[in-house]
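Reader: I have a model open and want to learn how to read it. Can we go feature by feature?
Author: Yes. Keep the sequence and the structure side by side.

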Amino acid sequence: MNALVPMAAEVPQNPLVPPIPELVIGLIAFFIVFGFLAKKLLPNINRVLDERREAIEGGMKKADEAMAEAQQVLEEYRTQLADARHEAARLRQEAQEQGATLIAEMRAEGQRQREEIIAAGHAQIEADRKAASQSLRQDVGKLATDLAGKLVGESLEDHARQSRTIDRFLDELESNAAEAASDATKAEAGR
């Protein structure tokens, strides 16, 4: 053994390069482990990677489908919103037209009622004027016959005679009033 010691001392050893038998044993062990891993572990790894790739591709496909569906729903929503806006505008227009028609009808009804009230008022005034005129004729006739009876000195109690006298008297009053009104109109026109 002593003889080996001087030989080892003679060959300088590089610490980075291992001895050849160790290198061969290491390479054989490496290829055995690598072969075992390639036969047993590599198919499992490839299977998991394929599953992941399919899941990712399926997820991307689903995401694309979801995106297309979301886009379609968005377009439908926009279409429905536009339709709703058009419908609201149409309803608003119809309401305005109906309101205008209703206002016109109410105005016409108010005008008709106003005219009816005015006509009824005129009829009432005419009836009151005739009643007042009749009452006035009777009162004036009574006073006129009493006065005429006192002036003439005879009684004018005969009803037919009394009516003729009253009518003549009132006709003269009306003609005098008409002449006075026409004179006043001429005088005003002359100014």
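Reader: Which residue forms a salt bridge with Glu-51?
Author: Start with the general idea. Side chains of opposite charge can pair when their charged atoms come close. Here the partner of Glu-51 is Arg-47, and their closest N and O atoms are 3.3 Å apart. The model is predicted, so treat 3.3 Å as a computed value for this pair. A salt bridge needs the nitrogen and the carboxyl oxygen within 4 Å, and this pair, at 3.3 Å, qualifies.

Reader: Where do Glu-51 and Arg-47 lie?
Author: Both are in helix 2. They are four residues apart, about one turn of the helix.

Reader: Is Glu-51 buried or exposed?
Author: Neither label fits. Under 20% relative accessible area is buried, over 50% is exposed, and partly exposed lies in between. Glu-51 has 43%, so Glu-51 is partly exposed. Arg-47 has 42%, so Arg-47 is partly exposed too.

Reader: How many salt bridges are there?
Author: The count comes to eight. One of them joins the side chains of Glu-126 and Arg-129, at 2.6 Å from N to O. These two sit three residues apart in helix 2, so about one helical turn separates them. Glu-126 is partly exposed, with a relative accessible area of 32%. For Arg-129 the value is 46%, again partly exposed.

Reader: Which residues are joined into one network by salt bridges that share partners?
Author: Glu-87, Arg-90 and Glu-94. Take one link of that network. The side chains of Glu-87 and Arg-90 meet at 2.2 Å, N to O. Both residues lie in helix 2, three residues apart, which is about one turn of the helix. Glu-87 has 35% relative accessibility, so Glu-87 counts as partly exposed. Arg-90 counts as partly exposed as well, at 37%.

Reader: Next, polar contacts. Which backbone oxygen lies 2.8 Å from a polar atom of the side chain of Thr-79?
Author: In general, look for a pair of N or O atoms within 3.5 Å. In this case, the backbone oxygen is that of Glu-75. Thr-79 is in helix 2. At 45% relative accessibility, Thr-79 counts as partly exposed.

Reader: What about aromatic rings? How many aromatic pairs does the structure hold?
Author: Two. Check two things for each pair: the ring centres and the angle between planes. Planes under 30 degrees apart count as stacked, and over 60 as edge-to-face. The rings of Phe-30 and Phe-31 have centres 5.6 Å apart and planes at 65 degrees, so this pair is edge-to-face. The rings of Phe-30 and Phe-34 have centres 6.0 Å apart and planes at 20 degrees, so that pair is stacked.

Reader: How many residues apart are Phe-30 and Phe-34 in helix 2?
Author: Four, so about one helical turn separates them. Phe-30, Phe-31 and Phe-34 form one aromatic cluster. Within that cluster, Phe-31 counts as exposed, at 54% relative accessibility.

Reader: Which annotation covers residues 20-38?
Author: An unreviewed UniProt entry labels residues 20-38 "transmembrane region". Keep the record apart from the coordinates. In the model, residues 20-38 are 100% helix and 0% strand. The end C-alpha atoms of that stretch are 26 Å apart.

Reader: Which residues form a nonpolar patch on the surface?
Author: Val-33, Phe-36, Leu-37, Leu-41, Leu-42, Ile-45 and Leu-49. Together they have about 620 Å² of accessible area. Take Leu-37 as one example. Leu-37 is in helix 2, which spans residues 20-152. At 37% relative accessibility, Leu-37 counts as partly exposed.

Reader: Now step back. How many helices and strands does the protein have?
Author: Three helices and zero strands. Along the sequence, the pattern reads α-α-α.

Reader: What share of the 191 residues counts as buried?
Author: 5%. The accessible surface of the protein is about 16,800 Å². Carbon and sulfur atoms account for 62% of that surface.

How values were computed:
Residues are numbered from 1 along each chain as its sequence is written. This is a predicted model: local features need pLDDT of at least 70, side-chain atom pairs count only at pLDDT 80 or more; totals for chains, interfaces and linings use all residues. Side-chain values use heavy atoms; hydrogens and water are left out. Patches are made of residues with over 30% relative accessible area and no salt bridge: like charges are joined within 9 Å, nonpolar side chains (Val, Leu, Ile, Met, Phe, Trp, Tyr) within 5 Å. Accessible areas come from the Shrake-Rupley method with a 1.4 Å probe; for residues, only the protein chains shown count as cover. Buried means under 20% relative accessible area, exposed over 50%, partly exposed in between (1.4 Å probe, protein chains only). A polar contact is a pair of N or O atoms within 3.5 Å; within protein, one must be able to donate a hydrogen and the other to accept it, and residues adjacent in sequence count only if both atoms are side-chain atoms. UniProt positions are given in the numbering used here, feature names are shortened, and annotations may be inferred rather than shown by experiment. Rings of Phe, Tyr and Trp (its six-membered ring) pair if their centres lie within 6.5 Å; planes under 30 degrees apart count as stacked, over 60 as edge-to-face and the rest as tilted.
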